[in-house]
Structures are given as C-alpha cells and as structure tokens.
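Q: Could you pick one part of this model and take me through it slowly, with the setting around it? I'd like one connected account rather than a list.

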Amino acid sequence: EEVGRHLGYDAVDSEIPRLVARAKRTPLQSLRGRLSRLAADLEYSEAITLHFVPEADADRLQLPADDPRRDPVRLANPLSEDVAVMRRSLLPGLLRAAARNQARQLPAGRLFEVGRTYAPRPDGLADEREWIVGLMFGQPAREHWRGEATPMDFFAGKGVAEALARAAHVHVKAQPADNPYGHPGMQATLLVGDQKVGWVGAIHPLVLREFDVKGQAVAWGFDLQALIDAAPAERPVFRPL
C-alpha cells in the first residue's frame, strides 16, 4: 500500500502474480492434525495453556523428592514465580483449565491439548517432546432423562486412548503403572511392543484437591514422536474390489 501510494496505483499491475507452493506436511504435523481432529470428534474441546508454569506443580503432582521430573528448564528472568519454569507435562495446565471451568458453572467437560514439554539437557538447552494429552473431569449429565450418564472412569479414558492409537496405525497394550499423580490400581502405561508411547489413568484425589478440581478426572496422553517411531513402515493401502 505504501509503495502504491508513492508510485501511483495506476502503476501497479492488476493481475496477481502466480505463486506455486511446493511443500508438504512432516509426519509429525500429519499425525498431530489427525489425532486433533479425532479428539474433537470424540467431543473433546481443544485447550491452549501456558508453556511457562509454577515450579510448585511438581509438588501438586505428588512427585517424590528424587523424581527426575522435578528438574525443570528455568527461565533466566521470569516475570513471576507462577511462570518461572518450562512445563514438564501438559497435565497441570489442563487441570487448571478444568478448575477454571468448574468455577464458571461448567461442572464437567472434556479437554485436550497438543503441545511441547521441556526437559533440561547437559548442554544447557531443552529436550522438547510434542504430546497430545486429554482430560475428562466432573460427572457428565445424562443425555436423556431415561438414560444413564456417560461413564467417566479409567475404561472410558482407555477407550479414547485406544482409538487415538488406531488412528496412528499402532495397537497399544496396557501395563499397570505407578505414577504418583495417578490413582493406585486405575492407571496404565501404554506400550507398542516394548516401547512406551503413552499413559492413561484416573487422577489421584490428592492431586485433584491441589488443583481445585471437583469430582473425578481421567487423563490420557501420547508422545507423538514415540507413536511415529512405533508405527509400521508400511501403511495400509487401498485396493479396489
């Protein structure tokens, strides 16, 4: 606009130049889009939470003192203690979002987020991993006055996780887990062969109390790069009948 004003709009060609884009999505971008669309189809709303979090999240997640996940990437000049470190997990942000919704008369819901986590490396940089994490919270209302409320338990979360895994062309098996933020006996590590790709489980009541979330909550999560690495090299190919 500035150039046209100086040169005169009559000197600007009215035909738009033809631009040819030659690019395609990376496997990570394709998987991120595919799983995000599926999560939305399963009635999850996408959330976007802060990458900067309070260091106290490790305490709220009940992580033991010697847990390596307590070691975060620290900001050199944080604005406040509430945004002092880079997040190691997407779960605290979703729990805060759930509590915020409940405080605004939304007692139950489903949220998911696709984003990066940051772990410190010896060279001073961060090991960045991209995750998709979902959270069901509260007690859903009955869809019909004669029907039952949709169950919100470990098996409901496991069903969603298995659906996402199928969309990534892998079959996951569940193995008992013992994460401190998960409810004992109601959580599992998700494996493809011997490779860990994700987690699903009910959130521990103490963690829910720390984040002011009322009722129950179930979470699932996948490391997107781990899913790509675990997927078979050959994809299913359509053949006409």
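A: Of the 241 residues in the protein, 40% are buried, where buried means under 20% relative accessible area, exposed means over 50%, and partly exposed is what lies in between (1.4 Å probe, protein chains only). Before going further: this is a predicted model, so local features need pLDDT of at least 70 and side-chain atom pairs count only at pLDDT 80 or more, while totals for chains, interfaces and linings use all residues. Residues are numbered from 1 along each chain as its sequence is written, and side-chain values use heavy atoms, with hydrogens and water left out.

The part I'd zoom in on is Trp220, which sits in strand β9 (residues 217-223). The protein has seven helices and nine strands; these are DSSP runs numbered from the N terminus, helices being H or I with at least four residues and strands E with at least two. Trp220 counts as buried because its relative accessible area is 0%.

So what does Trp220 touch? Leaving aside residues up to four places away in sequence, its contacts (heavy atoms within 4.5 Å) include Tyr44, Phe112, Ile132, Val133, Trp199 and Val200. Gly157, Val160, Ala161 and Leu164 are also among them. With Tyr44 there's something extra: the two side chains make a polar contact of 3.0 Å. That term means a pair of N or O atoms within 3.5 Å; within protein, one must be able to donate a hydrogen and the other to accept it, and residues adjacent in sequence count only if both atoms are side-chain atoms.

Now for the sheet around Trp220's strand. Seven strands form an open, mixed sheet, in the order β1-β4-β5-β9-β8-β7-β6; two strands pair if DSSP finds at least two bridges between them. The edges are β1 (45-46) and β6 (173-176), each paired on one side only. On one flank of β9, seven bridges tie it antiparallel to β5, with Phe137 standing opposite Ala217. On the other flank, β8 (residues 195-203) and β9 are antiparallel too, over five bridges, and Gly201 has Ala219 as its bridge partner.

One strand further out from β5, the antiparallel pair of β4 (residues 109-120) and β5 (residues 126-137) is joined by 12 bridges, one bridge pair being Arg116 and Glu130. The hairpin of these two strands has five residues between them, and Gly124 takes a positive phi near 90° there.

Two loops that lead into sheet strands also have a backbone detail to look at. Most residues other than glycine have a negative phi. Glu43, in the loop between α2 (27-41) and β1, has a positive phi near 75°, and it counts as exposed because its relative accessibility is 60%. Asp212, in the loop between α6 (205-210) and β9, has a positive phi near 60° and is exposed at 54% relative accessibility.

As for the wider setting, 63% of the contacts with a separation of 6 or more in the protein are between residues 24 or more positions apart. Along the chain from our tryptophan, Glu234 is 14 residues away, yet the C-alpha atoms of Trp220 and Glu234 are separated by 27 Å. The C-alpha atoms of the whole protein fill a box of roughly 70 × 65 × 50 Å along the principal axes.
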